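Please look over the sequence and the structure shown here before reading on. The paragraphs that follow visit a few places in turn.

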Amino acid sequence: MSASVPLFVVLAAGKGTRMKSSLPKVLHPIAGQSMLAHVLNATSEFSGEVAVVVGPEMDAVAREAQRVIPAAHVFIQAKQRGTADAVLAARPQLEAHRGDVFVLYADTPLIRAETLARMQRALDGGANIAVLGFRPKDPTGYGRLLTDHKGSLVAIREEKDATGVERRISLCNSGVMALRVSNFSQLLSRIGNTNAKGEFYLTDVVELAIVDGLTAAVVECDEDEVLGVNARDQLAAAEAIWQSRARTAFMREGVTMIAPDTVWLSFDTRIACDVFIEPHVVFGPGVVVEEGAKILGFCHFENAVIGKGARIGPFARFRPGARIGRGAHIGNFVEVKNTTLGPGAKANHLAYLGDGIVGAKANVGAGTIFCNYDGYFKHKTEIGEGAFIGSNTSLVAPVSVGAGAYIGSGSVITKDVSPGALALERATQEERPGWADKFRTLMARRKAGR
Ligand code: UD1
Ligand code: MG
């Protein structure tokens, strides 16, 4: 283990009772990925070591930690006796570690790598401890940061233990802490629990360090970045902050959103420059939109790739495996799943394209359905380049339509169609001249009882 990389201790043992959920709190998602993953990702550019502290019976949290950072060590805090006790659950790794230590809370998901880097710079500047502070509109419930006349941190006071004067301090503890002290675990084990909650407070480490002649500094950040999620309303507030950040970042990279507040993004959404997005669009996980594509209103995407200059929507749905080629058009009420459309292909109205391949410049008419499922298995539909599928066609898969072929409207196609052919599958139209008048006369008589 390198002496210089930091160790991140991520606390995730809280039960999260206020979430009222069977899912552990830190697995609740923001922008489609767990809060824990957000925090772990913020640490990843430091290539440090990671220890995640979970509660008993939180296997799902442990698995999520190792999914995001396979090398993460997971420690179990047997009983929730406070944040200092939680950090000590990682004692074996703390004692083996020589570099800086960061303590993060997994329910504070919006922390950014830049801020962690600022804390590291505070350590480089000579502080033994750097605490991330903020000035919330409403400080109720937070620990207060007590500073001396030079602005150096001297103690952190939990609200329940604070005097009236201390409670008037506006500078609060976010919980994020960076330490450059030898024997951190020894310092931690000196923390007692004679306080209002009877818990072992990590925050007491500051006063103990000062007694030992060490120094502590405050690094400040915006309230938005250290919002703690304890209940669903805060989860929604964190989501809103994340979304707003992500939209701004995309717009700065050259994406147009005419009503950004109505565009929902995922943690891994990729949108190239000159993409134009109308209101009310949802990007689920795994979506890539290439340069110059136009997304009209009310579209929904999951695991889809939209090619350069494609025109999409309004009201189109892209399910996993949708691959829309360069300049292709997908119009209103079209659903695409596990289907690739070649460049310039079109399906402009009311269609289901599932498990298929549509060749370049093919035209799929209104009401076309790829009948891909027989109740047991999924089957493939292939449409060749430049083929024309008439409106209201059912393509019963497995089936293929050759390049340049035509399908007459209303056909139910169950057999492969050769390139360049016309396939029609419907009864021959018959005509009875004058029938309508005779029919009307007959019915009118019946109604009149004659
Ligand atoms: C803590 C800080 C407080 C700060 C606030 C910021 C302490 C003593 N207080 O208070 O100064 O203003 O966060 O939100 O640290 N946890 C465990 N095991 C435990 C207890 C907690 O893993 O035994 C984890 C929780 O899952 C959570 C984090 O530690 O992720 C913080 O614990 P919490 O009880 O929410 O602390 P606060 O009272 O909010
Ligand atoms: Mg908390």
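In this predicted model, a good place to begin is Leu 350, which is partly exposed because its relative accessible area is 48%, a value that lies between the 20% under which a residue is called buried and the 50% over which it is called exposed. Leu 350 sits in strand β26, a strand made up of residues 346-354. On the surface, Leu 350 joins Phe 298, Phe 315 and Phe 333 in a nonpolar patch, and the accessible area of these residues together is about 410 Å².

From this patch we can turn to a pair of helices. Two packed helices are described by the angle between their axes and by the distance between those axes. Here helix α1, residues 35-44, packs against helix α2, residues 59-68, at an angle of about 35°, and their axes are 10 Å apart. The crossing that α1 and α2 make is right-handed. On the side of α1 the contact is made by Leu 36, Ala 37, Leu 40 and Asn 41, while α2 contributes Val 61, Glu 64, Ala 65, Arg 67 and Val 68.

A last stop is Thr 215, which is found in the loop between α8 (205-211) and β11 (216-220). Is Thr 215 buried, exposed or partly exposed? With a relative accessible area of 38%, Thr 215 is partly exposed. When its neighbours within four places in sequence are left aside, Thr 215 is in contact with Gly 126, Ala 127, Asn 128 and Ile 129. As for Arg 144, which is 71 residues from Thr 215 along the chain, the C-alpha atoms of these two residues are separated by 18 Å.

Key: Residues numbered from 1 in each chain as written. Chains lettered and ligands numbered in written order. Predicted model: local features only at pLDDT ≥ 70, side-chain atom pairs only at ≥ 80, totals over all residues. Heavy atoms only, no water. Patch = residues over 30% accessible without salt bridge, like charges linked within 9 Å, V, L, I, M, F, W, Y side chains within 5 Å. Areas by Shrake-Rupley, 256 points an atom, 1.4 Å probe, with all protein chains shown as cover. Salt bridge = Lys/Arg side-chain N within 4 Å of Asp/Glu carboxyl O. Helix = DSSP H or I, 4+ residues; strand = E, 2+ residues; numbered from the N terminus. Buried < 20%, exposed > 50% of the residue type's maximum accessible area, 1.4 Å probe, protein only. Axes fitted to C-alpha atoms, helices over the stretch in contact; angles between N-to-C directions. Left-handed = near helix turned anticlockwise from the far one by under 90°. Contact = heavy atoms within 4.5 Å.
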